[in-house]
Amino acid sequence: MRRTMAFWIFLLCLTYGTHSVLCAVQSSGSAAGNSLADGGGGSGGGAGGAGGSAANAARGPHFDIAYSKNVTALLGKTAYLNCRVKNLANRTISLQVSWVRHRDVHLLTVGRYTYTSDQRFRAIHQPHTEDWILQIKYPQHRDSGIYECQVSSTPHLSHFIHLTVIEPDTEIVGGPELFIDRGSTINLTCVVRHSPEPPAYIYWNHNDAIISYSSARGGVSVATERGETSRSVLLIQKARPTDSGNYQCNPSNARPANVTVHVLNGEHPEAMQHGGNQRMGSTVNVFALLTILLLTTYC
């Protein structure tokens with residue numbers, strides 16, 4: 001019976017050649033049916049085929065979110081955006097991993113090749129690995145935003161990574177001017193905030209010269225604490241007038257901060273800060289008094 005049906009299908013295919021796709025499906029179905037029958041039971045084999053298809057789907061490409069996270073980068077320091085694609089295996093010939101910048105929908109990389117004229121961007125991928133990396137040299141604030149890691153499957157797969165470019169903030173507590181009595185201790189505290197990693201070092205300048213903690217002057221020490229917020233404390237004991245001037249805190253990964261120190265020798269800081277204003281105020285008062293006298297005399 002099956003041979004007779006296959007024969008009639010073959011004749012129909014010869015007669016109506018325009019339905020070649022239908023004929024191919026019917027013929028392959030008949031062949032599969034024969035092979036399943038030879039294997040002992042068509043329904044069991046069909047269930048096995050469905051299970052195999054589901055397993056293949058489960059083994060398809062997908063993103064490893066744990067290794068494809070948002071990135072916070074330091075202004076001017078190279079940033080790396082990682083996209084880990086699982087189960088891509090040896091399908092990199094037919095499937096490509098690309099990086100797209102959402103700000104201007106600009107294609108940056110395809111596979112291991114870079115497709116942008118901006119030489120700060122570079123595609124990095126080591127053979128037989130699952131990581132597809134977008135390198136950005138000298139990142140600027142304008143580079144912040146969403147970047148899409150895309151796999152060219154059907155339909156395509158996308159994973160979005162947000163890049164934030166930040167600039168640490170440096171401050172000397174109590175600035176921009178400090179007034180210290182002669183003979184007391186100068187205590188300068190420099191605070192570095194909003195840094196994705198602690199500064200490798202923080203050094204101090206006095207009037208553009210690096211402060212030496214082992215100089216003949218003595219009494220100069222520094223203590224530095226690194227963390228999410230880093231601090232450096234400069235102590236100068238028994239302050240003297242020559243210690244006056246500009247002090248600068250220089251973190252390795254942030255802009256410097258400045259403070260002007262005045263070592264007082266009996267002066268009053270209020271007079272130093274507001275003396276000019278006081279003189280201006282006295283001049284204004286005299287002028288007002290003369291105006292009143294003139295108005296009284298001639299009116």
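This short talk walks through some strands, two nonpolar cores and one loop residue of a predicted model.

Before I start, a word on conventions: residues are numbered from 1 along each chain as its sequence is written, and side-chain values use heavy atoms, with hydrogens and water left out. Since the model is predicted, local features need pLDDT of at least 70 and side-chain atom pairs count only at pLDDT 80 or more, whereas totals for chains, interfaces and linings use all residues.

Let me begin with the strands, which, like helices (H or I, at least four residues), are DSSP runs (E, at least two residues) numbered from the N terminus. Two strands are said to pair if DSSP finds at least two bridges between them. Strands of a sheet pair through backbone hydrogen bonds, either parallel or antiparallel.

One open sheet here has five strands in the order E12-E19-E18-E14-E15, and its pairing is mixed. Strand E12 (177-181) and strand E15 (209-210) stand at the edges with a single partner strand each, so one side of each is left without a neighbour in the sheet. Within this sheet, strand E14 (residues 202-206) pairs with strand E18 (residues 245-251) in the antiparallel sense over five bridges, and Tyr203 has Asn250 in E18 as its bridge partner.

Turning to the hairpins, strand E4 (residues 97-101) and strand E5 (residues 106-110) are antiparallel over four bridges, with Ser98 standing opposite Val110 in E5. Four residues separate E4 and E5 in their hairpin, and Val105 in the turn has a positive phi of about 50°. E5 also pairs with strand E6 (residues 113-114), again in the antiparallel sense, over two bridges; in that hairpin, which has two residues between the strands, Gly111 takes a positive phi near 65°.

What, then, is in the largest nonpolar core? By nonpolar core I mean a set of buried Ala, Val, Leu, Ile, Met, Phe, Trp, Tyr and Cys residues joined through side-chain atoms within 4.5 Å, where buried means under 20% relative accessible area, exposed over 50%, and partly exposed in between (1.4 Å probe, protein chains only). The largest has 22 residues, and those with the most contacts inside it include Leu81, Trp99 and Leu134. Strand E3 (79-86) is among the elements giving two or more residues to this core, and E3 gives the most, with four residues. Apart from this core lies another, of 21 residues, among them Ile172 and Trp204.

Finally, Ser153 lies in the loop between E9 and E10, and Ser153 is buried, with a relative accessible area of 18%.
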